[in-house]
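This report examines a single structure through its ligand site, its backbone geometry and the burial of selected residues. The sequence and the structure are shown first.

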Amino acid sequence: MLDIVIKNGKVVHPDRTIETDVGIRDGKVVLLGKAELMPEAARYVDATGKYVIPGGIDPHTHFEDPPFMGAECRADFFQGTRAAAVGGTTTCIDFAVQGNYGTRLPLDVIGMRLEMARKSAIDYAFHAVVTKNDPETIGQIQEIINMGIPSFKCFMTYEAEGIMADDATILAVMQEMKEHNGIFGAHTENDSIASRNIRQALAAGKGDAIWHALTKPPLVEAEAINRVLFLAKSTGAAFYDFHMSCKEGVEMIASARKQGLPVYAETLTHYLVLTQDVLEGPDGPNYICSPPLRTQDHVDALWQGIVEGNVHTVGSDDNAFDTKQKRMGGPSFESVPNGIPGAEFRIPVVFSEGVSKGRISVNQFVAITSTNAAKILGLYPRKGIIEVGSDADIVLIDPGIEKTIRVADSSLDLDWTPFEGLKVTGWPSMTISRGKVIVEDGQFKGDAGHGEFLKRKLPGDINTRQIV
Ligand code: URP
Ligand code: ZN
């Protein structure tokens, strides 16, 4: 007896689409083929006209973050993952930042984040963020990898917030990644150049939201990418660029990949659809995030990077602050907490802007929203693919549904969304997490605590081969 059979749909892989039914039992995909030839199932789901895709993997969320730039995150692990599930995401990878909650060592904060995340509605994992290079910190890295957290991140900015890693720390973490089979990632922005620009702008009375983008131009991001690529090449470490936003980044990643280096770029939903023009609108401060939104040529370059295989994943960087929080520090851009929500709309927006608008194939869509993250970050083939033996994390996309995104319809209790008014074609109509239907026709039917911590393991050659 099977639990569920999904019939008549098009199962989408990163490299092909096949018409096959999918048999699910005990949370796993157990059969692919014709439903008539499968054992009977407790439930049949008709997917006629729909794409059957591997559940979305969001490689970049910030749920239940501690106060950042003075503001408390408005989505805890349950609220955030529930919204993500409604939008077709079945796995999120969040962060455990050394120093947060007054912790000293990475393992302390990891323990706290594991506890907080137990209420998640979908499966979850963590990137470990290292901010210091004292021997005790660096000495914990191997143990962290062994406990299923093999991806690390350093912030190259946020010195004022106390979480910036200096270059020596970056080098030390890279060396550990190389030695113990981890993957190094970074938030790439040059802190001191941005700080100088910000000081000058504020001294000249330029505090409007647009100056956030103008004081952190592509040069700020590109210099940091260039520096970290050099260090990665020198140490032989793989590199994952978190939330890349600029065309210079695409060019540098492309050039490094041409040399055969194992480097990858993540971009975010908002960098693919919004430009810095929104910073000049009435809700300008809401859109302040780092790196900032850019001009249309950068948006186009990121799409081209996806098409050419130089941008590999799309995250949300979900960091939910409401309008009041965004304004609480006063009118100047530099007192606005950085970060915007987006986990809920990542899949529909990327599907609509990518597949429905003809920029990418449905297979490329699956690659950038699920499979590539699973492969690069150590979840494959348990996640990121619909194959016999994989977790039954499956989303049905109805390409015919047309909607206009409205915050009133959001499952997040927030007063704004960066995608307000965006018309989308294609929408997830069902989300299945490990064999359980947790969202149906937009209604959340899951439970807090359904999500499990995912112990990840990277391929042994992560630092020497391009995984995707
Ligand atoms: O503006 C952003 N991206 N806020 C979240 C923290 C980070 O930089 O990832
Ligand atoms: Zn970041």
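Does Asp441 count as buried or exposed? The model is a predicted one, and in it Asp441 counts as exposed because its relative accessibility is 63%, where exposed requires a value over 50%.

## Positive phi angles

Asp441 is found in the loop that runs between strand S18 (436-440) and strand S19 (443-444). Its phi is near 45 degrees, a positive value in a residue other than glycine. Most residues other than glycine have a negative phi.

Asp317 also departs from that pattern, with a positive phi of about 55 degrees although it is not a glycine. The residue belongs to the loop between strand S15 (313-315) and helix H12 (323-327). Asp317 counts as buried because its relative accessibility is 9%, and buried means under 20%.

## The ligand site

Which residues come nearest to ligand 1? Of the 13 residues around ligand 1, those that come nearest are His62, Tyr158, His187, Ser290 and Asp317. By class, the shell around ligand 1 consists of three nonpolar, eight polar and two charged residues. Ligand 1 occupies the second largest pocket.

Two histidine side chains make polar contacts with ligand 1. A polar side-chain atom of His187 is placed 3.0 Å from an oxygen atom of ligand 1, and a polar side-chain atom of His243 is placed 3.4 Å from an oxygen atom of ligand 1. The backbone takes part as well: a polar backbone atom of Asn338 lies 3.3 Å from a nitrogen atom of ligand 1. On its own, ligand 1 has 260 Å² of accessible area, and the protein covers 98% of that area.

## His62 and His127

His62, one of the residues that come nearest to ligand 1, is placed in the loop between strand S8 (56-58) and helix H1 (77-86). With a relative accessible area of 9%, His62 is buried, because the limit for that class is under 20%. His62 and Ile340 are 278 residues apart along the chain, yet their C-alpha atoms are separated by 9.8 Å.

His127 belongs to strand S10. Its relative accessible area is 0%, and His127 is therefore buried. A polar atom of the His127 side chain lies 2.8 Å from the backbone oxygen of Pro59.

## Cis peptide bonds

Where does the chain adopt a cis peptide bond at Pro291? The bond in question joins Ser290 and Pro291, and its omega is about -10 degrees. Pro291 is located in the loop between helix H10 (269-273) and helix H11 (296-307). Ser290 is also among the residues that come nearest to ligand 1.

Tyr380 and Pro381 are likewise joined by a cis peptide bond, with omega of about 5 degrees. Pro381 is located in the loop between helix H14 (362-376) and strand S16 (394-404). Most peptide bonds are trans.

## Helix H13

How many of the eleven residues of helix H13 are buried? Ten are buried, so helix H13 (residues 346-356) is largely enclosed by the rest of the structure. The buried residues of H13 include Arg346 and Glu353, together with Ile347, Pro348, Val349, Val350, Phe351, Ser352, Gly354 and Val355. Just after H13, Gly358 has a positive phi of about 80 degrees.

## Lys119 and Ala265

Lys119 is situated in the loop between helix H2 (106-116) and strand S10 (123-129). The residue is partly exposed because its relative accessible area of 28% falls between the 20% and 50% limits. From C-alpha to C-alpha, Lys119 is 8.8 Å from Asp76, and the two are 43 residues apart in sequence.

Ala265 is part of strand S14 (residues 263-268). Its relative accessibility is 0%, and Ala265 therefore counts as buried. Ala265 and Ala254 are eleven residues apart in sequence, and their C-alpha atoms are 9.6 Å apart in space.

Terms used: Residues are numbered from 1 along each chain as its sequence is written. Chains are lettered from A and ligands numbered from 1 in the order in which they are written. This is a predicted model: local features need pLDDT of at least 70, side-chain atom pairs count only at pLDDT 80 or more; totals for chains, interfaces and linings use all residues. Side-chain values use heavy atoms; hydrogens and water are left out. A residue is near a molecule or strand if one of its heavy atoms lies within 4 Å of it. A polar contact is a pair of N or O atoms within 3.5 Å; within protein, one must be able to donate a hydrogen and the other to accept it, and residues adjacent in sequence count only if both atoms are side-chain atoms. Accessible areas come from the Shrake-Rupley method with a 1.4 Å probe; for residues, only the protein chains shown count as cover. On a 1 Å grid over the protein atoms alone, a cavity is a set of points where a 1.4 Å probe fits but cannot get out, and a pocket is an open set with protein on both sides within 12 Å along at least five of seven lines; lining residues have an atom within 4 Å of a point. A molecule sits in a cavity or pocket if more than half of its atoms lie within 2 Å of its grid points. Ala, Val, Leu, Ile, Met, Phe, Trp, Tyr, Cys and Pro count as nonpolar, Asp, Glu, Lys and Arg as charged, and the others, Gly among them, as polar. Helices (H or I, at least four residues) and strands (E, at least two) are DSSP runs, numbered from the N terminus. Buried means under 20% relative accessible area, exposed over 50%, partly exposed in between (1.4 Å probe, protein chains only).
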